Amino acid sequence: MGKRRVVRSGLMMPINSKRFVAASWTRNADSLDYDLEDSVPQAQKAYARSIVRETLPIAKLGGARVSVRINCATPEPDLEASVWPPLEMISHTKTESPDQIRHIDALITRLERQRGVRPGAVEINAMIETAQGIAHCYEIAASSPRIRHFSGGGGYDMSLDLGVEMFVGFDQFFYGKGECELAARALGLEPGISVFMPDVSGSVMDSEATYARAVANRKAGGRSGGGLHPNVVEPQNRGLTPPPEEVEEARQVLAFFRELDATGGAQGALDGKTVDRYEAARAEELLEWAAACAEKDSYKARMREQTLAHQKSEQSNPQAP
Amino acid sequence: MTQAVRRSWLLIPATRADLIERSSSFGADVVVLDLEDMVHDSKKLEARTRIKDGIEQARRGGAEVFVRCDLELLYADLEASVWRGLEGVVLPKVTSIAQIQDAEETLAHFETQRGVLKAGLVGEVNEADDPRTAESALELHLSLERAEGNYDALELLAASPRVRSVSLGRADLVMDLRPEPGGELHLMPYLMQRLVILANTAGVTPIGAWWQGNSRGLAASPEDTLVSARLGRAAGFKGALCVEPAQVTPLNQGFTPSPEECRHAQALAGAFAAARAAGHPYGQLDGALVDWATAQAAQGLLDWAEACAARDRSKAEAVQRA
């Protein structure tokens, strides 16, 4: 079983934006998602494909997970352009049939082999953004071992597909999100838990609101986030990382349960709260998550340091081109 | 067949001799003696020995008695449980037809060996040599606490004629579903609505309350339990499981139509009957249209209220006799 994935924050940007891409590794995002799809105008898509290979390593300068979002209409040229080391994930938009995923799985497998990427290293993010996608979500989620996390049924494209306004103050998507989450859980895939919080502003850059949402998600068991604007990176990093008080509390719960279990008790109370095997399991997961977050933070810091040191030495001793 | 009135299903760990002894005073429609999650592994042997007498004690209050068995320890748990007086078995965390078939076969084995038929309410008598029918065989209640079980619900509910009711059990704990800022438990509204639809499709009674984020694993304060019971009834559930004796009365209350509801239903039924008697297709009450569907629903509510009253009377009589 591999190391636990930590993607508290993500930054998606059009890959052909030199300015965004050049600065992307400095944002402290857990994941950088370079886009070939909706944020890249049609006229620029060919150019965008031509720069993926050289762009991917930029994400690693800051220790981020690197992914590319491809067009569901042109998977072949998009994948040809994208499956290079150090690619870690492909996001397939508007997934509506398991055949689409099987098709790109086969393409990725060939390209991994040809380009020297470890077999199976490239994960597939099968995005469910349409009614059709929801209707077939179980078959889609089951269609490839590259799918390890699965969620969907809400968001901008969903609202477009249904012809509805977003940010209306009630949870319009809870049925579709429920369908996708049940499918994920039934197949043993990581669900993407995001709570409903009334949001009528639709702002993509409100730090306060982002932090509050991240905290609510974390408390409900959510572990990942993402976004479009640098302002939302730190609030999600902070909001989705357990604070020290919670880590300490989890340790106490575990210790209490072990004692209880050793003396033949199935259920007890600690500080007025029930402790049983389920509470112990939650505490264990929290400790594991906290450790994974710390490891990711220290990895990112090391990579940034390394990059800055390297850039500094490049400046004082410029290498021949 | 009249619908069984099972508004409150109180889970009592089989090791809690004190609670089992007092169970006739709690007023539960159903007592579920637990051999699963609420009993530590080291206490299972002891727990099993308490079931036979526990069934008798729990019935003294007029309750129907179920036992919740561990799917991995099914044979031993059923061996300890299949006795005269038992109504059925709760199967937790069900995910496959094979598990239900295993339960069916093992139940049939002990029913035959011991001449056990479903108990019915206190005062009813099944003769040991009455032919065992689907009606008189011990029931199965499926607790769908895992995602796989929920996904395959329709298949599972159809897997045996013994399956008469279904719930989400303690899915919030098993699936780790936690409170959301809006007050609901994550994913539960979806699972609950889905279950009501599938239960009705399969012709099986949906059991559950609309538990909110202020509950945990079927436990909640009496006030919160009443709220969740009312919401559950509004959503189509017919009763709910709980884990504290103090929750029994609020569950009974929440799943019983109130006197005002009954008065209103009476008025609706009357308005429609009068309209039809006068040759009109629709009736009227306080400016609202009363059609056939409304009148049917009103009558359904009145029938249910009557069944609840009969159940309460029979429990009161049982307590008096004990």
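Here a trainee questions a mentor about a predicted model with chains A and B.

Trainee: How many residues does the largest nonpolar core have?
Mentor: Look for the residues with the most contacts inside this core: B:Leu91, B:Leu142 and B:Leu191. The core as a whole has 82 residues.

Trainee: Which helix gives the largest share of this core?
Mentor: The share is eight residues. They come from residues 188-202 of chain B. That stretch is helix H9 of chain B.

Trainee: What does B:Leu142 contact, leaving aside its neighbours within four places in sequence?
Mentor: B:Leu142 is one of the residues with the most contacts inside the core. It is in contact with two serines, B:Ser165 and B:Ser167. The others are B:Leu91, B:Val94, B:Ile100, B:Leu156, B:Leu157, B:Val163 and B:Val166.

Trainee: How many residues are in the other core, the one that lies apart?
Mentor: A:Val40, A:Val83, A:Ile108 and A:Val117 are among its members. The core has 48 residues.

Trainee: Now the interface. What area do chain A and chain B bury between them?
Mentor: The contact takes 32 residues from chain A and 30 residues from chain B. Carbon and sulfur atoms carry 55% of the buried area. The area is about 2500 Å².

Trainee: Which three residues supply 28% of the area that chain A buries against chain B?
Mentor: No other three residues supply more. They are A:Leu182, A:Tyr278 and A:Arg282.

Trainee: What is the N to O distance in the salt bridge between B:Asp176 and A:Arg282?
Mentor: Four salt bridges are counted between chain A and chain B. B:Asp176 and A:Arg282 form a salt bridge. Their closest N and O atoms are apart by 2.7 Å.

Trainee: Which element gives the largest share of the side of chain A that touches chain B?
Mentor: Across the interface, 13 residue pairs are in polar contact. On the side of chain A, the elements that give two or more residues are helix H9 (174-186), helix H10 (207-219), strand E9 (273-276) and helix H13 (277-316). The largest share is eight residues, and it comes from H9(A).

Trainee: How many residues on that side of chain A are charged?
Mentor: The side of chain A that touches chain B has 13 nonpolar residues and eight polar ones. The charged residues number 11.

Trainee: A:Arg282 also has a partner in chain A. How far apart are A:Glu279 and A:Arg282 in sequence?
Mentor: Their side chains meet in a salt bridge, at 3.9 Å from N to O. A:Glu279 is buried, and A:Arg282 is buried too. Both lie in helix H13 of chain A, about one turn of the helix, so to speak, three residues apart.

Trainee: How many residues apart are A:Glu112 and A:Arg146?
Mentor: A:Glu112 and A:Arg146 form a salt bridge, with the closest N and O atoms 2.8 Å apart. Both residues are buried. A:Glu112 is in helix H5 of chain A, and A:Arg146 is in the loop between helix H7 and strand E6 of chain A. The pair is 34 residues apart.

Trainee: Why does B:Asp29 count as buried?Mentor: B:Asp29 meets B:Arg7 in a salt bridge, at 2.8 Å from N to O. The cut-off for buried is under 20% relative accessible area. B:Asp29 counts as buried because its relative accessibility is 0%.

Trainee: Which residue of chain A joins the salt-bridge network that includes B:Arg170?
Mentor: Salt bridges that share partners make this network. From chain B come B:Asp34, B:Glu36, B:Asp37, B:Arg68, B:Lys93 and B:Arg170. From chain A comes A:Arg277.

Trainee: Is B:Arg170 buried or exposed?
Mentor: B:Arg170 is found in the loop between strand E6 and helix H8 of chain B. It touches residues of both chains, including A:Gln267, A:Tyr278, B:Glu145 and B:Leu218. Its relative accessible area is 4%, so B:Arg170 is buried.

Trainee: What distance separates the C-alpha atoms of B:Arg170 and B:Gly217?
Mentor: B:Arg170 touches B:Gly217. The two are 47 residues apart along the chain. Their C-alpha atoms are separated by 4.9 Å.

How values were computed. Residues numbered from 1 in each chain as written. Chains lettered and ligands numbered in written order. Predicted model: local features only at pLDDT ≥ 70, side-chain atom pairs only at ≥ 80, totals over all residues. Heavy atoms only, no water. Core = buried A, V, L, I, M, F, W, Y, C linked by side-chain atoms within 4.5 Å. Buried < 20%, exposed > 50% of the residue type's maximum accessible area, 1.4 Å probe, protein only. Helix = DSSP H or I, 4+ residues; strand = E, 2+ residues; numbered from the N terminus. Contact = heavy atoms within 4.5 Å. Buried area = accessible area lost by both parts, 1.4 Å probe. Polar contact = N/O pair within 3.5 Å; in protein donor to acceptor, adjacent residues only side chain to side chain. Nonpolar A, V, L, I, M, F, W, Y, C, P; charged D, E, K, R; others polar.
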